[in-house]
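Here's a quick walk through this structure, written for someone who would rather be at the bench. Have the 3D view open as you read.

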Amino acid sequence: MSGRDLFCQPRRYGRGAALTLVFASVLVAGAATGSLPVGERGAAPGESFRAAPVGGHEAVARAAAEAMADGKSPTEAAERAVSRSGDRWAAVYSQGEYEEFEDSLDGEYTGVGLWARQERDGRIEVTKVASESPAASAGIREGDLLRRVDGKSVDGRPVTEVVSLLRGDATEAPAGTTVRVDLQRGTRAWSETLRRARLSTDSVTVRHLADGVTVIRIASFTKGSGDTVRTAVRQAPADAKIVLDLRGNPGGLVTEAVTAASAFLDGGLVATYDVDGEQQVLHADAGGDTTRPLVALVDGGTMSAAELLTGALKDRGRAVVVGSRTFGKGSVQMPSRLPDGSVAELTVGHYRTPSGRGVDGTGITPDLEADGDVLQRAQTVLSGLGQ
């Protein structure tokens with residue numbers, strides 16, 4: 001599942017890997033209006049754990065250590081400490097969950113193939129169904145409401161808890177096990193038994209339209225997606241104009257978002273971010289295509305690393321952004337490992353676009369707001385850019 005965004009490629013705990021600085025998408029805390037793939041986790045493993053907890057991390061680590069010394073659950077103690085921190089993006093994950101995160105960022109996951117979000121009234125709505133997935137085979141569609149999982153009501157639950165139920169995290173359920181879901185579509189209510197499967201994500205898809213427009217859609221930033229975008233740009237017909245579709249993209253690996261930016265920029269600034277008040281920068285590689293007309297499509301489901309890419313292309317004058325305001329997830333999380341191997345993440349800073357604009361809580365306003373047939377509007381814009 002695509003979710004939190006980090007700078008390095010994922011590796012296994014057993015190979016000495018740990019975690020590094022993270023840009024977290026809404027997946028991290030299951031925010032009330034968030035969207036994320038349900039049934040497939042998204043994660044942020046990386047190069048190295050924070051050597052010593054800072055700020056809120058210290059309180060969480062202390063609570064976990066004290067619980068462990070008393071023979072109690074460090075994870076539960078950490079979760080209580082996180083809930084008291086007031087950090088809306090903070091979260092605690094088991095070691096097993098992080099291992100699943102790593103798999104998902106490699107482009108594979110065990111799940112049922114649903115994306116969902118929590119509506120303002122607490123109901124869980126399906127926002128996307130992966131093709132050839134258990135959910136697709138069962139006829140589940142975008143807009144359906146997910147009401148129960150294995151008999152447990154999911155109304156009002158954080159989306160991350162719904163994910164855990166669908167995945168069967170409590171029993172470490174493998175592919176082939178089943179999960180029963182109750183759904184609603186309008187006045188119709190029904191149940192389906194889905195068999196979890198090992199699925200792969202095609203995070204980047206390319207299609208060529210008849211009017212000389214190449215559409216590159218990035219569903220999430222998984223391992224290798226940035227290079228796939230660069231290849232797609234190089235292989236597009238010489239006179240092709242490009243639509244970069246970032247709608248519904250919840251984020252992923254920041255390194256991949258920066259690589260994707262490098263497909264359209266000739267070096268230069270992509271974003272700045274701060275960690276505990278210390279400023280850091282992200283730069284594009286030189287040699288990107290800076291001449292093709294480019295439109296980026298965004299909506300309220302465009303989050304985190306996808307907003308980082310959008311902000312870079314918009315501020316650098318490289319793309320016309322079309323659609324609706326993006327989600328507004330621009331905070332930076334730092335993970336630290338707890339005594340039992342679980343991981344706690346708390347917010348330590350925020351990132352900004354090249355012009356210095358903050359994204360967190362505000363999102364990015366498109367150059368041209370559009371509803372309905374956004375792709376048609378993009379094609380109209382490209383026809384003017386190509387003149």
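## Rings, a sheet and its packing

The charged end of K329 is placed over the ring of W89, at 4.5 Å from the ring's centre. Keep in mind that this is a predicted model. Another tryptophan has a charged partner too: R188 lies over the face of W190, 3.9 Å from the ring centre.

W89 comes up again when you look for aromatic pairs. Searching the whole structure turns up one such pair. It's formed by W89 and F327, and with ring centres 6.5 Å apart and planes at 70°, it counts as edge-to-face because planes over 60 degrees apart are classed that way. The two partners come from distant parts of the chain, 238 residues apart: W89 is in the loop between α2 and β6, while F327 is in the loop between β21 and β22. Both W89 and F327 are buried.

Here are the ring partners side by side:

| Ring | Partner | Distance |
|---|---|---|
| W89 | K329 (charged end) | 4.5 Å to the ring centre |
| W190 | R188 | 3.9 Å to the ring centre |
| W89 | F327 (ring) | 6.5 Å between ring centres |

Now for the sheet. Six strands make up an open sheet, running β15-β16-β17-β20-β21-β24, with mixed pairing. At the edges are β15 (204-208) and β24 (368-369), each of which pairs on one side only. Helix α9 (residues 374-385) packs on this sheet and touches β15, β16, β17, β20, β21 and β24; its direction makes about 160° with that of β20. Inside the sheet, β16 (residues 213-218) and β17 (residues 241-245) run parallel and are joined by five bridges. Across that pairing, R217 stands opposite D245 in β17.

What about the greasy parts? The largest nonpolar core has 41 residues, and those touching the most other members are I218, F221, V229, L244, F264, V270 and L309. Helix α8 (residues 305-315) is the biggest contributor to this core, giving six residues. To get a feel for the packing, click on L244: beyond its neighbours within four places in sequence, its contacts include I216, I218, F264, L294 and L309. A separate core of 20 residues lies apart from that one, with L114, A116, V149 and V181 among its members.

One last stop is helix α7 (residues 254-262). How many of its nine residues are buried? Eight are, so the helix is largely enclosed by the rest of the structure. Among the buried residues of α7 are V254, E256, T259 and S262.

Technical notes
Residues are numbered from 1 along each chain as its sequence is written. This is a predicted model: local features need pLDDT of at least 70, side-chain atom pairs count only at pLDDT 80 or more; totals for chains, interfaces and linings use all residues. Side-chain values use heavy atoms; hydrogens and water are left out. Two strands pair if DSSP finds at least two bridges between them. Helices (H or I, at least four residues) and strands (E, at least two) are DSSP runs, numbered from the N terminus. Contact means heavy atoms within 4.5 Å. Axes are lines fitted to C-alpha atoms, for helices over the stretch in contact, and angles run from 0 to 180 degrees between N-to-C directions. A nonpolar core is a set of buried Ala, Val, Leu, Ile, Met, Phe, Trp, Tyr and Cys residues joined through side-chain atoms within 4.5 Å. Buried means under 20% relative accessible area, exposed over 50%, partly exposed in between (1.4 Å probe, protein chains only). Rings of Phe, Tyr and Trp (its six-membered ring) pair if their centres lie within 6.5 Å; planes under 30 degrees apart count as stacked, over 60 as edge-to-face and the rest as tilted. A charge sits over a ring if NZ of Lys or CZ of Arg is within 6 Å of the ring centre and within 35 degrees of the ring normal.
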